[in-house]
Amino acid sequence: MTTASAIEFGGPAVRRQSLWRYWRGGLRGSEFTWALAFLVPYIGVFVAFVAYPVFYGLWMGSKPSLYTEVFSDPIYQQTVVNTIVFVAFGVNLKLFFALMLSGFFMRPGWWVKGLLMIFVLPWAVPALPAFISIHWMLNGEWGLLNNALYHLLGLDGPSWLNSRWLALGSAIYSHVWKWLPFWTVILLAGRMSIPQEIYDAAKVDGATGLRRFAHVSFPLLANLYLVLTLLATIFLLGDFNSVYFVTGGGPANSTHLLATLGIRNAFDLANPRLGVAVVMSALPLLIPLVIILMRRIKNAEVQL
Amino acid sequence: VSTITADTALAPAAARPAERMKRAARRRRYLTNVGAGVLSAVLLVWTLTPIYNIVMVSFEAEGDVFSDHLWPANASANSFWIVVNQGYWYLEYFWHQFGNSVYIASMVTLLVLTIGSMTSFSVMRMRIRNGWVITNAALLTYVIPASFLAIPFYLIMQRYGLHNNPWSVIAAIVTFATPYAIFIFQEYGRSIPLELDESARIDGASPIQIYFKIYLPLMVPALVAVGTFALLAAWNEYLYQFLLLSNKQSMTVPVALAQFLNSDVAPWNYMMATAIIYALPPIATYYAFRNRMSSGLTMGGVKG
């Protein structure tokens, strides 16, 4: 009936109706309205709290003179080096240990399961108390770590937070401490989803231990591992808490990351545009990562 | 006689390679067990040291903080008593602030579940045309570091007049947690046959009836996993709470905790006691929903 009446009214009506049908897909009657209505909340959230801030940020950081100011700042130059070091060590240490430990936690036995329950604790503890605790633990004069070194080994530990590289290392340590359980659990699930038959077949062929890992487990996990590396890099670029609470950017602003320096410029120096410019300078690195990651996630159907 | 000697002479020669192999296997098993034991000990020390430090400092008697020992000489739980009774001026609104944290976390959980399930229902179950645009927008939000959007977000919230309003923080956390919810719901929803919806549709059920009577009840495991995730995300969040909530009445526990850092002579034992009380709900939640959460977090971890 509907197609017949459309033909009577001639060409434009046909086109309008097929366009309408195109938009409605296979939905009938009021269903299309309902489907749209179900989308409204998320579209609202996206427009108001993602799209608007993103474009506002782009507009704020659009003046080229901001970037000459940012790039000539010696603190910014140090920060770029810090961020690269932080990402390179943080991501790779975290994921390498997570890959190894996920193999360890595959072992049978009640005590391995019990250990896993304790091991995930850093992930469950809120970030702020944990990082403040690490901050005090690393105090050169009264901290737990140097006390333990003194009592157990008779050594005088360095003041961990008073030199740039030790402080940056401490920040990397605390980041790895907090997030290692998360990545281990993800890789553990990845290993568990490898069918047992593949291992049985490998056993028949005589592959055990290291050879089994190199020729069976790792090839199957490689894609997941790559996606996790990209994702961990993006998350780490945005990490604020570990540096902010463990080193506070000190000593003498030498351990800032782009995220903490952006917040410092915007709020401590009361110059929001300068803060946005610092963060925006990460975009040339961030955007390609995001594009590769989005393609990878779709192909691999990895869910995190 | 000769047969017997032949037997005894032959037996060790035949048994020797087998025995040697067995002994070597036993030694290898012993070594791996020792290795696993050492690794477990290292993991325990690695995981528990910062947590031990929190507990140790919280049990220090007043004035004893950071003396030279590994466990306080006059351990006392006095600091917990002070926190619970709001007996220190940084803590005078402790329970009110704790209530703020609970309010924000519950609203975030509710909204993430509602918005996430509605969106995934429209895209995956009703199969609205071009739903992939929404999915991609969500994916893009998921990979933007939250700290990079903090500055424009803060300025926009001031413009909306939502500074010191818990809803500004709720909006921020919902924005960054909902994309994850959408993915998990989509992934989980694949296991529910579409024919169920179809037959209900033929029987004349409206989309809203299908959503409430078929979709939500079947999605309960995924809802629990994502709900736990959203609750922990809200409880762990610091940066947006710190930027957006600045008066004592509206701030949450993490922001109040960070206030201690502004002063040089703050009583760290009170701070750590507060941190422990604040860390207990997420740890309890995590352990209660541990299994569902890790299966939800990593659903379809790899596709071999």
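**Entry 1: around A:Arg164**

I began with the neighbours of A:Arg164 in this predicted model. Leaving out residues up to four places away in sequence, I found that A:Arg164 touches A:Gln78, A:Val81, A:Asn82, A:Pro251, A:Ser254 and A:Thr255. A:Arg164 sits in helix α10 (residues 164-192) of chain A. Where is the nearest side chain of opposite charge? That is A:Asp73, 12 Å away, and A:Arg164 is buried yet has no salt bridge. I did find a polar contact from its side chain to the side chain of A:Asn82, at 2.9 Å.

**Entry 2: salt bridges**

Next I searched the whole structure and got 4 salt bridges over all chains. One of them joins A:Glu31 and B:Arg201, with the closest N and O atoms 2.7 Å apart. This pair crosses between chains, from helix α3 (residues 31-60) of chain A to helix α7 (residues 194-202) of chain B. Are these two buried or exposed? A:Glu31 counts as buried because its relative accessibility is 9%, and B:Arg201 is buried at 18%.

B:Arg201 also pairs with B:Glu198, the closest N and O atoms being 3.2 Å apart. Those two are 3 residues apart in helix α7 of chain B, so about one helical turn separates them. I noted B:Glu198 as partly exposed, at 37%. A:Glu31, B:Glu198 and B:Arg201 are thus linked in a network of salt bridges.

I also logged B:Lys248 with B:Glu92, at 3.4 Å between the closest N and O atoms. Both lie in loops of chain B, so the pair ties together parts that are 156 residues apart in sequence.

**Entry 3: nonpolar core**

Last, I looked at the largest nonpolar core, with 189 residues, where A:Phe105 and B:Val108 touch the most other members. Helix α6 (residues 166-189) of chain B gives the largest share, 15 residues.

Methods
Residues numbered from 1 in each chain as written. Chains lettered and ligands numbered in written order. Predicted model: local features only at pLDDT ≥ 70, side-chain atom pairs only at ≥ 80, totals over all residues. Heavy atoms only, no water. Helix = DSSP H or I, 4+ residues; strand = E, 2+ residues; numbered from the N terminus. Buried < 20%, exposed > 50% of the residue type's maximum accessible area, 1.4 Å probe, protein only. Lys, Arg positive; Asp, Glu negative; His and termini not counted. Polar contact = N/O pair within 3.5 Å; in protein donor to acceptor, adjacent residues only side chain to side chain. Contact = heavy atoms within 4.5 Å. Core = buried A, V, L, I, M, F, W, Y, C linked by side-chain atoms within 4.5 Å.
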